[in-house]
Amino acid sequence: MKAALGALALALAGCAAASGGDPTVAVSLRNDGTRPMQCRIQFGHWVDRDLGVLAPGAGTRFEIQQQPKDGALYVMRDDGQRRMMIENIFCNAPDDLQATVGQVDLAPARVARMHGIEARCALPAAAGRVQCTPLVLEP
């Protein structure tokens, strides 16, 4: 699993590097809970990219780009020809998407120009939706 997350991070970084010079934003996503969570990036038109299952205490890092003009967040498509605009990052219990899905609030990141986003997420110990606390790291 760590190898798959590492490969995804490298692929996202490679796609981001081809973006034509827009600022890079480092994203750190960490599971601060006691239960595993499945996470993914949701792009427009119902396309997503799996970030894998994060064990309790585990995290993943990847890079995205930010358009300076309007703050939109994106990664380049694998062929480097088109931007894939990020709608959100969602996490949930691996076996129960419907009842547990929660999201990283990216709205503050879109209005600020930053060099990083650090999101700490957790599934409640009993039942409920993933709760995430994003921290925008400004330049």
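Contact here means heavy atoms within 4.5 Å. Keep that in mind as you click around this predicted model.

**Stop 1: the core.** Select Leu 29 and Ile 89. Among the 28 residues of the largest nonpolar core, these two touch the most other members. To see where that core comes from, colour β1 (24-31), β2 (37-43), β3 (47-54), β4 (59-66), β5 (73-76), β6 (83-92) and β8 (116-122), the elements that each give two or more residues to it. In soluble globular proteins, nonpolar side chains tend to be buried together.

Now stay on Ile 89 and show its surroundings. Skipping neighbours within four places in sequence, Ile 89 is in contact with Val 27, Leu 29, Arg 40, Ile 41, Leu 51, Phe 62, Gly 102, Gln 103, Val 104 and Leu 106.

**Stop 2: Arg 40.** That list includes an arginine, Arg 40, so select it next. Arg 40 sits in strand β2. Is Arg 40 buried or exposed? Its relative accessibility is 17%, and buried means under 20%, so Arg 40 counts as buried. Its side chain forms a salt bridge with that of Asp 48, 3.4 Å from N to O. Asp 48, at 42% relative accessibility, counts as partly exposed. Turn to Asn 92 as well: the side chains of Arg 40 and Asn 92 make a polar contact of 3.3 Å. For a distance check, pick the C-alpha atoms of Arg 40 and Val 53, which are 9.2 Å apart.

**Stop 3: more charged pairs.** The whole structure holds seven salt bridges. Side chains of opposite charge can pair when their charged atoms come close. Select Asp 78 and Arg 49, whose side chains meet at 3.8 Å, N to O. This pair links the loop between β5 and β6, home of Asp 78, to Arg 49 in strand β3, 29 residues apart. Asp 78 is exposed at 62%, whereas Arg 49 is buried at 14%. Next, bring up Arg 30, Asp 32, Glu 118 and Arg 120 together, joined into one network by salt bridges that share partners. Within that group, Asp 32 and Arg 120 have their closest N and O atoms 3.4 Å apart. Asp 32 is in the loop between β1 and β2 and Arg 120 in strand β8, 88 residues apart.

**Stop 4: Asn 31.** Finish in strand β1, where you will find Asn 31. Asn 31 is buried, with a relative accessible area of 0%. Which backbone oxygen lies 2.9 Å from a polar atom of its side chain? Zoom in and you will see that the oxygen belongs to Arg 35. Beyond four places in sequence, Asn 31 also touches residues including Pro 56, Gly 57 and Cys 121.

Notes. Residues numbered from 1 in each chain as written. Predicted model: local features only at pLDDT ≥ 70, side-chain atom pairs only at ≥ 80, totals over all residues. Heavy atoms only, no water. Core = buried A, V, L, I, M, F, W, Y, C linked by side-chain atoms within 4.5 Å. Buried < 20%, exposed > 50% of the residue type's maximum accessible area, 1.4 Å probe, protein only. Helix = DSSP H or I, 4+ residues; strand = E, 2+ residues; numbered from the N terminus. Polar contact = N/O pair within 3.5 Å; in protein donor to acceptor, adjacent residues only side chain to side chain. Salt bridge = Lys/Arg side-chain N within 4 Å of Asp/Glu carboxyl O.
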